[in-house]
Amino acid sequence: MPRPIIAHIDQNALEHNLQIARRATSARIMAVIKANGYGHGLLRSAQALSAAEGFALLDIRDAISLREAGYRQTILLLEGFFDAADLKYIAEYDLACVIHSQWQIELLDAYPKRAALDVWLKVNSGMHRLGFPPLQVWMAMEALRSHRAVREITLMTHFANADDEHGVSFQLDAYNRIAAQYRLPRSLANSAALLRYPASHGDWVRPGIMLYGASPFADVSAEQLGLKPVMTLKSRVIAIQQLDAGDEVGYGGKYRADRTMRIGVVACGYADGYPRHAKNGTPVLVDGKKTQLLGRVSMDMLCVDLSALHEAGIGSTVTLWGEGMPIEEVARAAETISYELMCALTLRVSVSEGEP
Ligand SMILES: *Cc1c(COP(=O)(O)O)cnc(C)c1O
């Protein structure tokens with residue numbers, strides 16, 4: 001029998017969350033399925049999200065496998081191409097690609113054939129990661145507008161603060177000043193902007209995290225947004241220990257009992273993707289009841305407090321995150337974000353499809 005840890009991926013929840021996005025906008029939806037569908041599986045995610053008008057990801061091999069699986073919608077490479085060899089595949093598989101830097105335009109100029117590529121010209125409207133600074137956009141636009149390899153141009157940008165109190169107005173203004181000069185399709189919004197800033201929707205929205213059922217906001221829960229968790233990570237208690245006052249738990253003795261306690265050892269560790277930096281007190285469900293992590297997470301195991309859960313014992317079901325245990329709460333206790341936890345799920349965790 002394999003170790004009892006399992007990630008349930010609820011495809012109905014993915015479809016449901018896509019509907020939530022759909023209700024919030026009239027723009028076309030580019031479902032972001034980068035990083036193996038935020039850890040949920042590339043083709044599994046694409047299948048459940050197949051009503052989306054487009055898919056966005058990074059790896060050209062993933063884009064090709066989507067085409068080969070029969071998906072006909074727009075497939076956007078969020079970092080575009082990395083070298084001249086990519087261009088041949090982009091043309092052959094009809095992939096759309098972000099153009100964010102001058103060197104990419106030069107590669108396009110050197111491309112020997114005519115082509116009909118859809119390019120998404122990326123504007124750096126204030127995040128200072130990818131994209132042409134506002135004053136250089138017109139030059140890039142001049143180069144692309146009449147380019148023999150280019151069919152359609154979409155003008156895109158990305159927000160740095162759509163999820164926090166700084167908001168998008170600064171970047172939105174910078175972007176709108178540029179976009180006003182052209183009649184081109186527009187794309188700006190990630191999940192947070194889709195949910196909070198209708199003025200940023202443009203022609204294509206690009207939700208990621210909300211589709212997987214997590215909130216992009218620190219101050220609003222997924223449940224309040226009507227989102228359902230897609231990934232539920234579960235395991236079981238495989239050993240019980242009784243502690244006396246003063247006993248310590250796990251590597252480094254990071255938890256010390258101040259009374260007699262009963263703890264459960266759970267088959268889940270950082271090699272499964274559970275965050276090693278989760279603190280004492282990180283919430284965990286055992287047989288559906290809330291309790292807490294004790295001591296340092298090790299590679300293959302972690303410990304939970306069963307002192308108040310008298311029915312719990314060997315074989316009890318443990319929910320690390322997902323249904324009933326919001327992943328955002330676990331992320332907060334590990335000083336990270338839900339995105340990182342989802343993406344960090346490792347290959348050794350078996351996946352089951354369907355509801356948890
Ligand atoms: C990842 C990504 C998104 C999706 O962001 P979420 O916060 O997950 O909704 C949208 N656009 C770009 C360019 C991205 O890289």
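Let me begin with one residue pair: isoleucine 9 stands opposite methionine 231 in strand E10. The model before us is predicted, so local features need pLDDT of at least 70 and side-chain atom pairs count only at pLDDT 80 or more, while totals for chains, interfaces and linings use all residues. Residues are numbered from 1 along each chain as its sequence is written, and side-chain values use heavy atoms, with hydrogens and water left out.

I shall stay with the strands for a moment. Helices (H or I, at least four residues) and strands (E, at least two) are DSSP runs numbered from the N terminus, and two strands pair if DSSP finds at least two bridges between them. Strand E1, residues 6-9, pairs with E10 in the antiparallel sense over 4 bridges. E10 is also joined by 4 bridges to strand E17, residues 317-321, again antiparallel; there, lysine 234 has threonine 319 as its bridge partner. Finally, 6 bridges join E10 to the antiparallel strand E13, residues 261-266, where glutamine 241 stands opposite isoleucine 263.

Strand E13 also holds arginine 262. What is the nearest side chain of opposite charge to arginine 262? It is aspartate 305, 7.7 Å away, and arginine 262 is buried yet has no salt bridge. For reference, buried means under 20% relative accessible area, exposed over 50%, and partly exposed in between, with a 1.4 Å probe and protein chains only. In the count of charges, Lys and Arg are positive and Asp and Glu negative, with His and the chain ends not counted. A salt bridge requires a side-chain nitrogen of Lys or Arg within 4 Å of a carboxyl oxygen of Asp or Glu. The side chain of arginine 262 does reach the backbone oxygen of alanine 312, at 2.4 Å.

I turn to the aromatic residues. The structure holds 5 aromatic pairs, where rings of Phe, Tyr and Trp (its six-membered ring) pair if their centres lie within 6.5 Å; planes under 30 degrees apart count as stacked, over 60 as edge-to-face and the rest as tilted. The rings of tyrosine 38 and tyrosine 212 are stacked, because their centres are 4.6 Å apart and their planes at 20°. Tyrosine 38 lies in helix H2 and tyrosine 212 in the loop between strands E9 and E10, so the pair ties together parts that are 174 residues apart in sequence. Both tyrosines, 38 and 212, are buried. Tyr339 joins Tyr38 and Tyr212 in one aromatic cluster.

Tryptophan 120 and tryptophan 204 form a tilted pair, at 5.7 Å centre to centre and 55° between the planes. This pair links strand E6, residues 117-122, to strand E9, 84 residues apart, and both tryptophans are buried. In E6, 6 of its 6 residues are buried. Leu117, Val119 and Leu121 point one way from E6, and Asp118, Trp120 and Lys122 the other way. Strand E5, residues 96-99, runs parallel to E6 and is joined to it by 3 bridges, with valine 119 as the bridge partner of cysteine 97.

I close with the salt bridges, of which the structure holds 14. Arginine 22 forms one with glutamate 53, the closest N and O atoms being 3.0 Å apart. Arginine 196 and aspartate 219 meet in another, at 3.5 Å, N to O. Aspartate 219 counts as exposed because its relative accessibility is 57%, whereas arginine 196, at 30%, counts as partly exposed.

Key: Polar contact = N/O pair within 3.5 Å; in protein donor to acceptor, adjacent residues only side chain to side chain.
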